[in-house]
Amino acid sequence: MSLPLPPPLSRPRPRPGFRSRYGVLAAVLALLAGLFVAAERANAAETLLSQGKPATASSTESSSYAAAYAVDGNTTSTRWASAEGHDPEWLTIDLGATYAISRVKLYWEAAYAAAYQVQTSADGASWTTIHTTSQGDGGTDDRTGLSGSGRYVRVLGTARGTSYGYSLYEVQVYGEAGSTPSPSPSVTPTAGPVDYQAEDATLSQAAVATNHTGYTGTGFVDYAAVTGGYVEWTVNATTAGNATLSLRYANGKTTDRPVDIAVNGVVVARPAFPATGGWDTWTTVDVVAALPSGTSKVRATAANTVDGPNLDKLTVTPGGTASPSPSPSSSPTQGGAFTVVAAGDIAAQCTASSSSCAHPKTAAQVQAINPEFVVTMGDNQYDDGTIDDFRKYYATTWGTFKDKTHPSAGNHESYDPAGFEAGYKSYFGAIAFPNGKSWYSFDRGNWHFIALDSNIFDQTAQINWLKADLAATTKGCVAAYWHHPLFSSGEHGNDPVSRPVWQILYDARADLVLNGHDHHYERFAPQNPSGQADANGLVELLGGMGGADPYTIENVQPNSQFRLSGTYGVVKLAFTDSTYSWQLIGTDGKVKDSSPTYTCH
């Protein structure tokens, strides 16, 4: 912009008057400099902060509409969608540091909010509203000129504009980069009682509700009537020590709804939740547990199908005498529901720079699902499983989940010129060779998982180990996985090398087998090692669609219930203490197939 100069003087002034002219000029220059600084600050405030950051939501319509899709940079296709027909619902983004927030842009899908608030928080527990409206009409809302700060930004929908839920293609949060980082929430239980609202927590098999009175915050959490639903809070402590965890709940007239309380995956108590006499009457149950310094996860998991009580909030107060540890059977690390992602035939020799490269896309689905752990059914890295290729390809995508992956080897790992499975062993190390062998087992809940190496099924050491391992387990459900399938309708077809292992598992009344090798998806009805339908037989899932070039279906096998070729994706498995089921999730985030729910033998 241009600024007017001072009017010309009417007559000459003595020499000292030049000082006033210099003063005017200095003022003009100072004003211009101020404008430039203001412009620079305005530009700095328009930094996009939210894209790719962790996002959570009060609920999701399905895994195809996870919270992560609202920050993936796609404003027209992928989206978060809440459960339908319910108010309020929210989406929270963790920016990873504290920023001054100046603008939030919302790209609504058809299911928009008629009324909503934009809020900020330093700790993810206490919220400040920086924008509110009751005149929402969908489309794109570009809320500028905001004034607030925080590490967390939440869009809280309080009234739906349709009969459906809330759905956002994208949330873009802008602010001033370069603010002081805040790597962890600043609120700490050592500073005094801190409230964490249940509706702000991470939920599974549970939903935010408002159909009763007396709750605090914007709602309470109602568990679904299944085992394993949970509410999980992220709490923080500056120093390690005991803390009292107070859960405010309502239980109606039900005598008890058992809930396991876990800290960082370890159950510390299963307290009683007595009846409160009505759903509008609230009381508290206290549990004392040791919290380490820093961030911890506190999870309340429904322990049976009666479901849990309605939960209003968690209050964390320093001090208290720790509750005695419950028996192992009540631990969610020893029981309850959990999610696993599985796939085989994964990393082709390509990167995300190629639009046809599939393993970055399947890895994105693993990221969106965020399972407890990942299993792989061999051929993790093509073509020869060398360590260089593992580092160049697999590590850049699926390697993100390496620490929670339980892999198995495939034939392409055996081709390594450096030696049999040399690159595979070098990359995964003790993860794949926990006892110095390429076969191993581990437990989760009431499940016993067995990873086998079908490249060497002819070695008696592995076969003898398998028999002993099955004889020793006390778990009620058994799943095994390896590369070569006994039954397949694809190009490789049935592989008899796996029949002796099938027989051993069948005799032990195992439940589930996961395989790869043929590059397609296929599920089979329960059958015995001879391929005969058998209610007491093994259920086979073939999941070779993790990223390698697809194979065709050539010879449909008996008991094959569903087959899909040419579709990349991952298998999302849901386990409880006595059941299992799964969905095939495509790279577009959509469910391509859903299995029946099976009960363990």
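What is the handedness of the link of Cys 350 and Cys 357, and how many degrees does it show about the S-S bond? The link is right-handed, with 80 degrees about that bond. The views below belong to a predicted model.

**Figure 1. Overview of the chain in the predicted model.**
The chain contains six helices and 34 strands. Of its 601 residues, 52% are buried. Among contacts with a separation of 6 or more, 76% are between residues 24 or more positions apart. The exposed area is about 24700 Å², and carbon and sulfur atoms supply 51% of this area. Two disulfides are present. With bonded cysteines counted along the chain, their pattern is 1-2, 3-4.

**Figure 2. The disulfide of Cys 350 and Cys 357.**
The sulfur atoms of Cys 350 and Cys 357 are 2.1 Å apart. Cys 350 and Cys 357 are both buried. The backbone oxygen of Cys 350 also lies 2.8 Å from a polar atom of the His 359 side chain, which leads to the next view.

**Figure 3. Surroundings of His 359 in helix H2.**
Helix H2 covers residues 359-369 and includes His 359. The relative accessible area of His 359 is 0%, and because buried means under 20%, this residue counts as buried. Two backbone oxygens lie by polar atoms of its side chain: that of Cys 350 at 2.8 Å and that of Ala 348 at 3.2 Å. With neighbours within four places in sequence left aside, the contacts of His 359 are Ile 346, Ala 347, Ala 348, Cys 350, Tyr 393, Thr 397, Trp 398, Gly 546 and Gly 547.

**Figure 4. An open sheet of seven strands.**
Across the sheet the strand order is S24-S25-S26-S27-S29-S28-S30, and the pairing is mixed. Strand S24 (440-444) and strand S30 (560-564) are the edge strands; each has a single partner strand, so one side of each has no neighbour in the sheet. From one strand to the next, the twist averages 15 degrees. Within this sheet, S26 (residues 477-481) and S27 (residues 512-515) are parallel and pair over three bridges. Ala 480 has Val 513 in S27 as its bridge partner. Helix H5 (residues 460-472) lies across S24, strand S25 (447-451) and S26, and runs at about 175 degrees to S25.

**Figure 5. The disulfide of Cys 477 and Cys 600.**
The two sulfur atoms are 2.0 Å apart in the disulfide of Cys 477 and Cys 600. The torsion about the S-S bond is about 110 degrees, so this disulfide is right-handed. Cys 477 belongs to strand S26, whereas Cys 600 is in the segment after strand S34 (598-599); the pair therefore ties together parts 123 residues apart in sequence. Cys 477 and Cys 600 are each buried.

**Figure 6. Thr 579 in strand S32.**
Strand S32 spans residues 579-586 and contains Thr 579. The side chains of Thr 579 and Thr 576 form a polar contact of 2.6 Å. Beyond neighbours within four places in sequence, Thr 579 is in contact with Trp 447, Ala 574, Thr 597, Tyr 598, Thr 599 and Cys 600. Of these residues, Cys 600 is also a partner in the disulfide with Cys 477.

**Figure 7. Strand S20 and two antiparallel pairings.**
Strand S20 (residues 310-318) has seven of its nine residues buried, so the rest of the structure largely encloses this strand. Strand S10 (residues 194-197) pairs with S20 in the antiparallel sense over four bridges. Strand S15 (residues 241-250) also runs antiparallel to S20, joined to it by eight bridges. Val 316 of S20 is the bridge partner of Val 194, and Leu 245 stands opposite Val 316 as well.

**Figure 8. Asp 94 in strand S4.**
Asp 94 is placed in strand S4, residues 89-108. Its relative accessibility is 16%, and Asp 94 counts as buried because the cut-off is under 20%. The side chains of Asp 94 and Arg 151 are joined by a polar contact of 2.7 Å. The Asp 94 side chain also reaches the backbone nitrogen of Gly 96, at 2.9 Å. Not counting residues up to four places away in sequence, Asp 94 touches Lys 53, Pro 54, Arg 151 and Tyr 152. Asp 94 and Ala 122 are separated by 28 residues in sequence and by 9.9 Å from C-alpha to C-alpha.

Methods. Residues are numbered from 1 along each chain as its sequence is written. This is a predicted model: local features need pLDDT of at least 70, side-chain atom pairs count only at pLDDT 80 or more; totals for chains, interfaces and linings use all residues. Side-chain values use heavy atoms; hydrogens and water are left out. Two strands pair if DSSP finds at least two bridges between them. Axes are lines fitted to C-alpha atoms, for helices over the stretch in contact, and angles run from 0 to 180 degrees between N-to-C directions. Contact means heavy atoms within 4.5 Å. Buried means under 20% relative accessible area, exposed over 50%, partly exposed in between (1.4 Å probe, protein chains only). A polar contact is a pair of N or O atoms within 3.5 Å; within protein, one must be able to donate a hydrogen and the other to accept it, and residues adjacent in sequence count only if both atoms are side-chain atoms. Accessible areas come from the Shrake-Rupley method with a 1.4 Å probe; for residues, only the protein chains shown count as cover. A disulfide is a pair of cysteine sulfur atoms within 2.5 Å.
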